[in-house]
Amino acid sequence: MRRPKPTATDPGINHFDGGQRVAVDGDGPAVHTASLEQPHGARHGARVRQDGPVKILSIQSSVAYGYVGNSAAAFTLQRLGHEVWPVLTVHFSNHTGYGAWRGPLLAPADVAEVIAGIEDRGVLGTADAVLSGYQGDPQVGAVILDAVERVKAANPDAVYCCDPVMGDVGRGLFVREGIPEYMRDVVVPRADIITPNHFELDYLSGRTTTTLGEVLAAVDVVRATGPRHVLVTSVVHGDAEEGTVDVVAVSDEGAWAVTTPLLPITPNGGGDVTAALYLAHLWTTKSPATALERTVSSIFAVLEATLASGSRELELVAAQDVIANPPAGLTSRRLR
């Protein structure tokens, strides 16, 4: 049965983003041979190293209670056996979805100081990747891009993975004025990997997409600005089976999708976990299709565990085995 075209209030679009993504700082089987050998930086002759654990400089928010930002991404990456250097942009008691929270926003200069301290140790240039999530202030964004530049100057093989958090279907843009344009015009073109949700893809491309063909065309528009790898989460389209949602991965080598049931759950932090998983699996497998399968298998299993527990927070610790060992069963289909 053909599914009706999604609307701006379709609750299913936010499945793998954890539903309503909250501004934590208070503002608000195809052949799996696709390669990460030549990311955006490889235009300058770089080749991605393939040995050992990934060393990731992760610049994101943090909460004492719950799992969003670095509090979600760091554990996820460490459970996969990778080394994470978490740099915090805020440190709150909990995410702002609760309506009340305590704790400081770190000044951009303080965030830069922490990164400079890592550089003082002589290890910044050994980072394989920089990962960023919600950016509530262009000044913080500038610090992140400066860190990316420093890392890549020392290690041209390094990649930058950006989750361009800006909004959701049903909520629209929820970041402060000027941030969406900054993400679209300044940050995304500098990234090698981006992980927007369906709503954010439409914003970045300047299009409205309701079919898989339109989604792929929108991805092509965004990829033309810089990013080589795009993972689009929470894709709901008119040709999908009722009660399902797609996650789509696109690279130079092709495009793939994985379909899952649409779960009645909207915890925060799902997008942060998804971005971390995809970065790690893309690096280690060099295959967007395999990375897509492993990423979706793990986050879907985490969401199932969270739904079963009735918890408002992601069951990352209880479900950690599905992070380390993605369940079999979800396979990608090649779209082109």
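**Entry 1: overall make-up**

I looked up the secondary structure, and the protein chain has nine helices and eleven strands. Both are DSSP runs numbered from the N terminus: helices are H or I with at least four residues, strands are E with at least two. I note that this is a predicted model, where local features need pLDDT of at least 70, side-chain atom pairs count only at pLDDT 80 or more, and totals for chains, interfaces and linings use all residues. Residues are numbered from 1 along each chain as its sequence is written, and side-chain values use heavy atoms, with hydrogens and water left out.

Next I checked burial. Of the 336 residues in the protein chain, 60% are buried. Buried means under 20% relative accessible area, exposed means over 50%, and partly exposed is in between (1.4 Å probe, protein chains only).

I also looked up the surface. The accessible surface of the chain is about 12,500 Å². Carbon and sulfur atoms hold 52% of that surface. The areas come from the Shrake-Rupley method with a 1.4 Å probe; for residues, only the protein chains shown count as cover.

**Entry 2: His82**

Where is His82 found? I located His82 in the loop between helix H1 (70–79) and strand E2 (83–92). Is His82 buried or exposed? His82 is buried, at a relative accessible area of 10%.

I then listed what His82 touches, leaving aside neighbours within four places in sequence. The contacts (heavy atoms within 4.5 Å) are Pro53, Val54, Leu77, Ala280 and Thr284. With Val54 I found a short distance to note: a polar atom of the His82 side chain lies 3.0 Å from the backbone nitrogen of Val54.

**Entry 3: salt bridges**

I used this rule: a side-chain nitrogen of Lys or Arg within 4 Å of a carboxyl oxygen of Asp or Glu. The count comes to ten salt bridges.

I looked at Arg79 and Asp321. Their closest N and O atoms are 3.2 Å apart. Arg79 is in helix H1 and Asp321 is in helix H9 (residues 320–324), so this salt bridge ties together parts 242 residues apart in sequence. Arg79 is partly exposed, at 28% relative accessible area.

Arg336 and Asp220 came next. Their closest N and O atoms are 2.5 Å apart. This pair links distant parts of the chain, 116 residues apart: Arg336 is in the segment after strand E11 (333–334), and Asp220 is in helix H6 (residues 212–223). Arg336 is partly exposed at 39%, and Asp220 is partly exposed at 31%.

Then I took Asp246 and Arg333, whose side chains meet in a salt bridge of 3.0 Å, N to O. Asp246 is in strand E9 (residues 244–251) and Arg333 is in strand E11, so the pair ties together parts 87 residues apart in sequence. Asp246 is buried at 2%, whereas Arg333 is partly exposed at 34%.

I also found a network of salt bridges. It links Glu119, Asp146 and Arg150.

**Entry 4: cysteines**

A disulfide is a covalent bond between the sulfur atoms of two cysteines. The search counts a pair of cysteine sulfur atoms within 2.5 Å. How many disulfides does a search of the whole structure find? It finds zero.

I checked Cys161, which is in no disulfide. Why is there no bond from Cys162 to Cys161? The Cys161 sulfur is the closest cysteine sulfur to that of Cys162, but at 7.5 Å it is too far for a bond. Cys161 is buried, at 0% relative accessible area. Cys162 also counts as buried, at 0%.

How values were computed. A polar contact is a pair of N or O atoms within 3.5 Å; within protein, one must be able to donate a hydrogen and the other to accept it, and residues adjacent in sequence count only if both atoms are side-chain atoms.
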